[in-house]
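User: Please take one part of this model and go through it closely, in connected prose, with the cut-offs behind each term that you use. I would like to follow the ion pairs and what surrounds them.

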Amino acid sequence: MKLEVRGLSFAYGPKMVLDNLSFRVEAGEFVSILGPSGCGKSTVLNLLAGLLRPAAGEVLVDGARVDGAGNGRFAYMPQDDLLFPWKTILQNVCLYGKIHGTEPAAREQALSHMAAFGLAGYENAYPGDLSGGMRQRAAFLRTALCSAEILLLDEPFGALDVISRGDMQDWLLSMRADLGRTALLVTHDIDEALYLSDRILILRGSPAQIVREVDVRKAGKTRQWLYDQGALKGEIHRCIKAE
């Protein structure tokens, strides 16, 4: 196992959000956490990233316990791209290297990936010059350039219109093999979870628990395959709604 979460609990004040949450993610696996709004999906990522401290439980990567922010095992991408508007796209994606004193290497690596991320020719443009989808690709490249082995993706395409979001999902699916990372995606979009994931963990309840796991591994997923999953989509929706 690449990632193990054991007995994780967390409360906001008197309200228990997560209680004894446990799950595992294999190396190279893409897992989505799906559930209703406010059930604690983003809280799980914040706990893994060390932005919040759990009331109980532990997180292990490669069998070793990790604790707190700055552990270097996770790269976190939130829904908003958080690009600095006064910096160029190249400067934005190289921020990790600048902070850690490896900017020349990060710059070289970023330039070598610009074409694959659909950003060739925009290295010296500013975020305000780019479409929403291009900004998200820049934010994704910034995240991918981190040395962390596990990507934490918190609804990274949620702010995009439906067409741009579909294009970004197609792009990410095509990039998965090249990225070669373990990924944990939080989303409220059933289609997105089905299309991108190897497994889906359905989170529900108060405090939240994983109530079901759905294996959706399939080689060569296409939009047509996704359109044909009507029965499974309905089943997942009923599970989320506790019907």
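Analyst: **Salt bridges and their surroundings**

The mean pLDDT of the protein is 89, and 98% of the residues score at least 70, pLDDT being the predictor's confidence in each residue on a scale from 0 to 100. This is a predicted model, in which local features need pLDDT of at least 70 and side-chain atom pairs count only at pLDDT 80 or more, while totals for chains, interfaces and linings use all residues. Residues are numbered from 1 along each chain as its sequence is written, and side-chain values use heavy atoms, with hydrogens and water left out. Helices (H or I, at least four residues) and strands (E, at least two) are DSSP runs numbered from the N terminus; among the elements, helix H6 (residues 162-179) has the lowest mean pLDDT, 81, and S9 the highest, 96.

There are 16 salt bridges in the structure, each one a side-chain nitrogen of Lys or Arg within 4 Å of a carboxyl oxygen of Asp or Glu. One of them pairs Glu29 with Arg217, whose closest N and O atoms are 2.8 Å apart. This pair links distant parts of the chain, 188 residues apart: Glu29 sits in the loop between strand S2 (15-25) and strand S3 (30-34), and Arg217 in the loop between strand S10 (209-215) and helix H8 (223-227). On the accessibility scale, buried means under 20% relative accessible area, exposed over 50%, and partly exposed in between (1.4 Å probe, protein chains only). Glu29 has a relative accessible area of 3% and is therefore buried, whereas Arg217, at 39%, is partly exposed.

A second bridge joins Arg223 to Asp170, with the closest N and O atoms 3.0 Å apart. Because Arg223 lies in helix H8 and Asp170 in helix H6, this pair ties together parts that are 53 residues apart in sequence. Asp170 counts as partly exposed because its relative accessibility is 30%. Through shared partners, salt bridges also join Glu29, Arg199, Glu213, Asp215 and Arg217 into one network.

Asp198 touches several members of that network. Its place is in the loop between helix H7 (190-196) and strand S9 (199-204), and it counts as buried because its relative accessibility is 13%. Taking contact as heavy atoms within 4.5 Å, and leaving aside neighbours within four places in sequence, Asp198 is in contact with Gly28, Glu29, Phe30, Arg176, Val214, Asp215, Val216 and Arg217.

Helix H6, where Asp170 lies, leads on to the strands beside it. S7, H6 and S8 make a right-handed β-α-β unit; a crossover is right-handed if, with the strands pointing away from the viewer, the path from the first strand over the helix to the second runs clockwise. Two strands pair if DSSP finds at least two bridges between them, and S7 and strand S8 (residues 182-187) do so in the parallel sense over 5 bridges, with Ile150 standing opposite Thr182 in S8. S7 also runs parallel to strand S6 (residues 74-77), to which 4 bridges join it, and there Leu152 in S7 is the bridge partner of Tyr76. In strand S7 (residues 150-154), 5 of the 5 residues are buried, and both faces are covered, with Ile150, Leu152 and Asp154 on one side and Leu151 and Leu153 on the other.
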